[in-house]
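Subject: The structure we talked about, with notes

Dear colleague,

I am handing over the structure below, together with some notes on what turned up when I went through it. Please keep it open beside this email while you read.

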Amino acid sequence: MERMPVGAWGWCEQMWGPSTARRLRVREAATPLRMTIRFLLATCILSVTLPGLAESPQAVAYTISLVAPAQHLVNVQILLPGGAARRELQLPVWNALYQVRDFAQYVNWVRAKDRAGRPLAVHELDKSQWQIAGTGNGAVVEYQIFVDSPGPFGAQLSAHHAFFNLAQVLMYPVDARASPMTVRFTGVPEAWHIATPLADLPDGRFGADNYDRMVDSPVEIGEFHEADFEEGGGHYRVIVDAESGDYDMEKIVPELHKIVAAATGWMQDRPFDRYMFLYHFPRGPAGGGMEHAYSTAIDLNAEVLKSAGALPGVTSHEFFHLWNVKRIRPQTLEPVDYTKENYTRALWFSEGVTSTAEGTINLRAGLLDEKRYLQRLGDEITELERRPAHLTQSAEESSLDAWLEGNAYYRRPERSISYYNKGELLGVMLDLQVREASHGQASLREVLQWMNQNYAKKGRCFKDSDGVREAAEAVSHADLGWFFSKYVAGNEEIPWNDFLRGVGLRVVETPNTVPDAGFAASRDFDGPMIVGAVTAGSEAERAGLQVGDTILEMQGRPAGQESRQDLARLNPGGTLSVKVRGRRGGERELKWKIGSREEISYEVKDLENASEGQRARRAAWLKGEAQSKKETRDKAGAAR
């Protein structure tokens, strides 16, 4: 393994700045010289392709100072170029989650001055927008903001690290959202390093063509661990913030190799040169991933990470989002409105069908087998069928109502369904219907590739469900209006067996006895677990559990995303112990015996005496591929 000559580092500092040079020293210590040179060339190309970004007179320059990690405080400075006499600054009210979270609640103060240091008047226009007077010759705006929301959907500065979704930290000039942007970080401890998909610029700065691109780039700052690999011409950076004994990088990187090869091969596309995987594996509550155009940020509990398929599942989902939602984008989400809700009917596709693709990618990557895939499909059908709201809320309505997910009552099974859940199932059924209508010549793969070619690559957005239908009909050469009318816009029961019969499968209903804890609770992404209902007369009610209680611990462990699985593993007659906090404050420890109830589970099984043609169609379906014309003719001949 060769190492970069010592003298080269001085040149590197002059060319790219000390921050980049310091990161490269860390990278080079574990990376062959050849890969370091490739990284340097890529950085050099970025410096050449963005020559005006750093020096542009219209560039908006941010500085984020990590002033008080223990108090979770950062100071932000914005250098505004000359322009209008009055400028408005907007801090987004939502980001990462389809929820208005009003990040302005964390802003302690805002002040401004001109380039000569004279104070300028700051006028608050509403809860998230400020007007600065006297900005004609440029201005310096400063403010302090509290950031302590851990996880991939938040922003946090602590004594351990910093992680930023920048839209939760950076105000933007309303009249210059499309202008070039740069950001630098100061007050960074000597041992900490910076990882972000933003372009490296001289003097330790990072840049983007505009605000939207800037805030679509997460930032991790800390003593993280790092690896790199290349696949199919793309360079991939892997960042892990976790205790070294809680994960195995030598296991993670080969799995990522398989995932990116399977996904880019399936889509026949790689719309990037560099991509970053950012992982947090905390020992406390965690769960979820956030997609970005050139990266993803993913949190998994360190214990959950040990479960088979946990990391490939969420990674494949978030990686596929670089096409579906980031580039194959519904018109109703563009442009992003940072001041209020962006309503869309397409989340069943943008999120749910991404879960469909997740399964196919893991099958193709060899990280999921047929047995586990069909078991998962049965579990998804069970989840939908057990929610009475599947008869009253459509997939499109669930998408529109995403903004209600922060409310505990809305998440109750009689009130709502999940656009993730039903969307994934609709993706599977649409795949099977396209195959049926095209006699095996097209599949969901062709639908997505058509949308990539005709929407994403042409800079167009699709018209929500109508755009998906357009693509499905284009590749199947069939009228699929009935499918979208009944199952996407409508809430008719999905006839599972009618769709699955073509691949030799059927759905079997099985009554069984399941544990009943006596309450229903849900967790809103990275939020706490809230009790939404308590069964009247249950042991939970007698123990004192109340609607609105926040579950802090379950069986002695912090309550998190994995708590639902923990509940499902309990046996009737066993003891459940929880620590809760009431609506009015005050913590209580409760214990009670687990009850039981009868429920229907749904399993996907083989059809008896499945034909050769059905088995061939299933094999192609599990590969995520259409059948060849020769294969279709051969099977048709065999059938005759």
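Two residues are said to be in contact here when heavy atoms of theirs lie within 4.5 Å. With that in mind, and remembering that this is a predicted model, you can read the following figure: among the contacts in the protein with a separation of 6 or more, 69% are accounted for by residues 24 or more positions apart. The protein has 20 helices and 29 strands, and of its 640 residues, 56% count as buried.

Let me begin with two pairs of helices. Helix α9, which covers residues 347–364, and helix α10, which covers residues 370–385, have axes that come within 10 Å and cross at roughly 165 degrees. Since an angle over 145 degrees counts as roughly antiparallel, that makes α9 roughly antiparallel to α10. Their crossing is right-handed, and the contact is made by S355, E358, G359 and L363 on the side of α9, and by E370, Y373 and R376 on the side of α10. If you sort the residues of this contact by character, you find 2 nonpolar, 2 polar and 3 charged.

The second pair is helix α14 (residues 464–476) and helix α15 (residues 481–488), which pack at an angle of about 145 degrees with their axes 10 Å apart. The crossing of α14 and α15 is right-handed, and here the contact is made by S465, V468, R469 and E473 of α14 together with G481, F484 and V488 of α15. The residues of this contact divide into 3 nonpolar, 2 polar and 2 charged.

Helix α15 also holds F483, and you may like to ask whether F483 is buried or exposed. Its relative accessible area is 1%, and because anything under 20% counts as buried, F483 is buried. Leaving aside its neighbours within four places in sequence, F483 is in contact with L426, M429, L430, V488 and F499. Of these partners, L430 is worth finding on your screen, since the C-alpha atoms of F483 and L430 are separated by 8.0 Å while the two residues are 53 residues apart along the chain.

Another buried residue is Q90, with a relative accessible area of 2%, and you will find Q90 in strand β3, residues 86–90. Which partners does the side chain of Q90 reach? One is the backbone oxygen of S128, at 3.3 Å, and another is the side chain of Q129, to which Q90 is joined by a polar contact of 2.7 Å. Beyond its neighbours within four places in sequence, Q90 is in contact with S128, Q129, L170, M171, Y172, V174 and T339.

Finally, there are some details of the backbone. Most residues other than glycine have a negative phi, and most peptide bonds are trans. The peptide bond from E334 to P335, however, is cis, with omega near -5 degrees, and P335 lies in the loop between α8 (310–320) and α9. D203, in the loop between β14 (199–200) and β15 (206–208), has a positive phi near 65 degrees although D203 is a residue other than glycine. H439 likewise is not a glycine and has a positive phi, of about 55 degrees; its place is in the loop between α12 (419–437) and α13 (444–454), where H439 counts as exposed at 61% relative accessibility.

With best wishes

Conventions
Residues are numbered from 1 along each chain as its sequence is written. This is a predicted model: local features need pLDDT of at least 70, side-chain atom pairs count only at pLDDT 80 or more; totals for chains, interfaces and linings use all residues. Side-chain values use heavy atoms; hydrogens and water are left out. Axes are lines fitted to C-alpha atoms, for helices over the stretch in contact, and angles run from 0 to 180 degrees between N-to-C directions. Helices (H or I, at least four residues) and strands (E, at least two) are DSSP runs, numbered from the N terminus. Angles under 35 degrees count as roughly parallel, over 145 as roughly antiparallel, 65 to 115 as roughly perpendicular and the rest as oblique. A crossing is left-handed if the near helix is turned anticlockwise from the far one by less than a right angle, and right-handed if clockwise. Ala, Val, Leu, Ile, Met, Phe, Trp, Tyr, Cys and Pro count as nonpolar, Asp, Glu, Lys and Arg as charged, and the others, Gly among them, as polar. Buried means under 20% relative accessible area, exposed over 50%, partly exposed in between (1.4 Å probe, protein chains only). A polar contact is a pair of N or O atoms within 3.5 Å; within protein, one must be able to donate a hydrogen and the other to accept it, and residues adjacent in sequence count only if both atoms are side-chain atoms.
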